[in-house]
Amino acid sequence: MILITGGAGYIGAHVALELMQQGDDVLILDNLCNSYRSTLDRIAALSGRRPGFIQGDVRNRGLLDTVFADYPIDAVVHCAGLKAVGESVREPLRYYDTNVGGTVTLCQAMAHAGVFNLLFSSSATVYGDCATMPIDETCATGQPTNPYGQSKLMAENVMQSMVCSDERWSVGLLRYFNPIGAHKSGLLGEAPTSTPNNLLPYLLQVASGQRAALSVFGRDYDTPDGTGVRDYIHVVDLAEGHVKALDALRTQRGVQIWNLGTGLGYSVLEVVRAFEKVSGVQVPLVFEGRRAGDIARCWANPEKALNELGWSARRSLDRMLADAWRWECHLHQEEATTLVS
Ligand SMILES: NC(=O)c1ccc[n+]([C@@H]2O[C@H](COP(=O)([O-])OP(=O)(O)OC[C@H]3O[C@@H](n4cnc5c(N)ncnc54)[C@H](O)[C@@H]3O)[C@@H](O)[C@H]2O)c1
């Protein structure tokens, strides 16, 4: 059985679905601080089975000990965490407590229970402002420019030290680039509980009439059209990467680092134009100054994951945007009461 912390969230839910579709038993632990219980119904509807669920906090050591004692868990996918950059600047202690403290507590409980296979949701933000593109895993980690990024790097360092001290561990650090998109059914996707921080969820809210215009932060970067360039990856490709990485963890020891990206960079304006083409909806734009902490360009070299895991992202930008738009439209057809149940 695989424990997914944060499994009711955007990425964790897609990972849960992929694992269940290939026959794994999944237990989700989530405190629902940024997700909805109804996500479990969506996973059940799509997979034909219901994942186990415990509403609880990864910082609760007593609860974790009970969970590991009660269920035959042999690996953990650790997605639980806080991820809003701006919020992390305002509330750094909450971010370090959850993202670093929660990881320490989880690792302690795993060691106590004799479970040593761990996959961690890390981020390309740990590379900081890398001078050369594309970024491969040998690039030095940089200086993340906000507490969120720092907390991800600190959590990685915690696990690196832990593995050095005990050779029973097998840890995979998955450095996600920019996950977007949704399940092709339109039944599972990202459902922000507050003002979105990232391009796609914000763009979708503008396109569906919930917000007036999309703010584009910076149009004077050293990029072809002056707007920031990122490596967007379909969330289902990302989830498939987790399945492959979990398989690899079971036959390896130590720490493995894998970039999960496509290797392609798209600018903000390219994403907006592609979305307009795919959806037929115009997106009003407002150009603003650069946002503190944002970098000009960031895209992955994903070859290590291809060579070591046999994984590569397969879904195009158009597909990511079409799936995300289908999900957004579906969300609006539902009664608000159904979603927030
Ligand atoms: N979405 C991205 O762009 C992105 C990029 C890089 C890395 N990540 C990382 O991937 C992970 C998942 O991201 P996501 O986009 O699915 O976010 P999300 O907010 O949708 O999911 C995180 C889940 O963790 C839960 N959670 C938070 N604190 C918890 C706690 N203390 N105990 C138990 N559950 C808790 C939330 O309720 C939520 O369901 C995060 O760790 C995030 O930092 C995300």
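# Helix packing, sheets and ligand shell

Helix 9 and helix 11 are oblique to each other. The model in which they sit is a predicted one. Two packed helices are described by the angle between their axes and the distance between the axes. For helix 9 and helix 11 (residues 317-333), the angle is about 60° and the axes are 9 Å apart. An angle under 35 degrees would count as roughly parallel and one of 65 to 115 as roughly perpendicular, so the value for this pair falls in neither class. The crossing of the two helices is right-handed. On the side of helix 9, the contact is made by Ala274, Phe275, Val278 and Ser279. These residues meet Leu317, Asp318, Leu321, Ala322 and Trp325 in helix 11. By class, the contact of helix 9 with helix 11 divides into seven nonpolar residues, one polar and one charged.

Helix 9 (residues 268-279) also packs against helix 7 (residues 199-207), where the axes come within 12 Å and cross at roughly 40°. Helix 7 and helix 9 are therefore oblique to each other as well. Here too the crossing is right-handed. Helix 7 contributes Leu199, Leu203 and Ala207, which meet Val268, Val271, Val272, Phe275 and Ser279 of helix 9. The contact of helix 7 with helix 9 holds seven nonpolar residues, one polar residue and no charged residues. Phe275 and Ser279 of helix 9 thus appear in the contact with helix 7 and again in the contact with helix 11.

A third packed pair is formed by helix 5 and helix 6. Their axes come within 9 Å and cross at roughly 20°. That angle is under 35 degrees, so helix 5 and helix 6 are roughly parallel to each other. Their crossing is right-handed. From helix 5, the residues in contact are Pro92, Tyr95, Tyr96, Asn99, Val100, Thr103, Val104 and Cys107. Their counterparts in helix 6 are Pro147, Tyr148, Ser151, Lys152, Met154, Ala155, Val158, Met159 and Met162. Sorted by class, the contact of helix 5 with helix 6 has 13 nonpolar, three polar and one charged residues.

The strands come next. Strands of a sheet pair through backbone hydrogen bonds, either parallel or antiparallel. One open sheet is made of seven strands in the order 3-2-1-4-5-6-11, with parallel pairing. Its edges are strand 3 (52-55) and strand 11 (254-260); each has a single partner strand, so one side of each is left without a neighbour in the sheet. From one strand to the next, the twist averages 20°. Within this sheet, strand 1 (residues 2-5) and strand 2 (residues 26-30) pair in the parallel sense over four bridges. Isoleucine 2 is placed opposite valine 26 of strand 2.

Another open sheet has three strands in the order 12-9-14, and its pairing is mixed. Strand 12 (266-267) and strand 14 (297-298) are the edge strands; because each has a single partner strand, one side of each lacks a neighbour in the sheet. Strand 9 (residues 229-230) pairs with strand 12 in the antiparallel sense over two bridges. Arginine 230 has tyrosine 266 of strand 12 as its bridge partner.

Two loops carry backbone geometry worth a look. Most residues other than glycine have a negative phi, and most peptide bonds are trans. Leucine 32 has a positive phi, near 60°, and is found in the loop between strand 2 and helix 2 (38-47). The peptide bond from methionine 133 to proline 134 is cis, with omega near -5°. Proline 134 lies in the loop between strand 5 and helix 6 (147-165).

The last part is the ligand. Of the 29 residues around the ligand, those that come nearest are Gly6, Gly9, Ser35, Gly81 and Ser121. Two or more residues of the shell are given by each of helix 1 (10-21), helix 5 (92-113), strand 5 (117-123) and strand 7 (178-180). Helix 1 supplies the largest share, three residues. By class, the shell around the ligand has eleven nonpolar, 14 polar and four charged residues. Helix 5 therefore has two roles in this description: helix 5 packs roughly parallel to helix 6, and helix 5 gives residues to the shell around the ligand.

Note on methods:
Residues numbered from 1 in each chain as written. Predicted model: local features only at pLDDT ≥ 70, side-chain atom pairs only at ≥ 80, totals over all residues. Axes fitted to C-alpha atoms, helices over the stretch in contact; angles between N-to-C directions. Parallel < 35°, antiparallel > 145°, perpendicular 65-115°, else oblique. Left-handed = near helix turned anticlockwise from the far one by under 90°. Contact = placed C-beta atoms within 7 Å. Nonpolar A, V, L, I, M, F, W, Y, C, P; charged D, E, K, R; others polar. Near = placed C-beta within 6 Å. Pairing = 2+ DSSP bridges.
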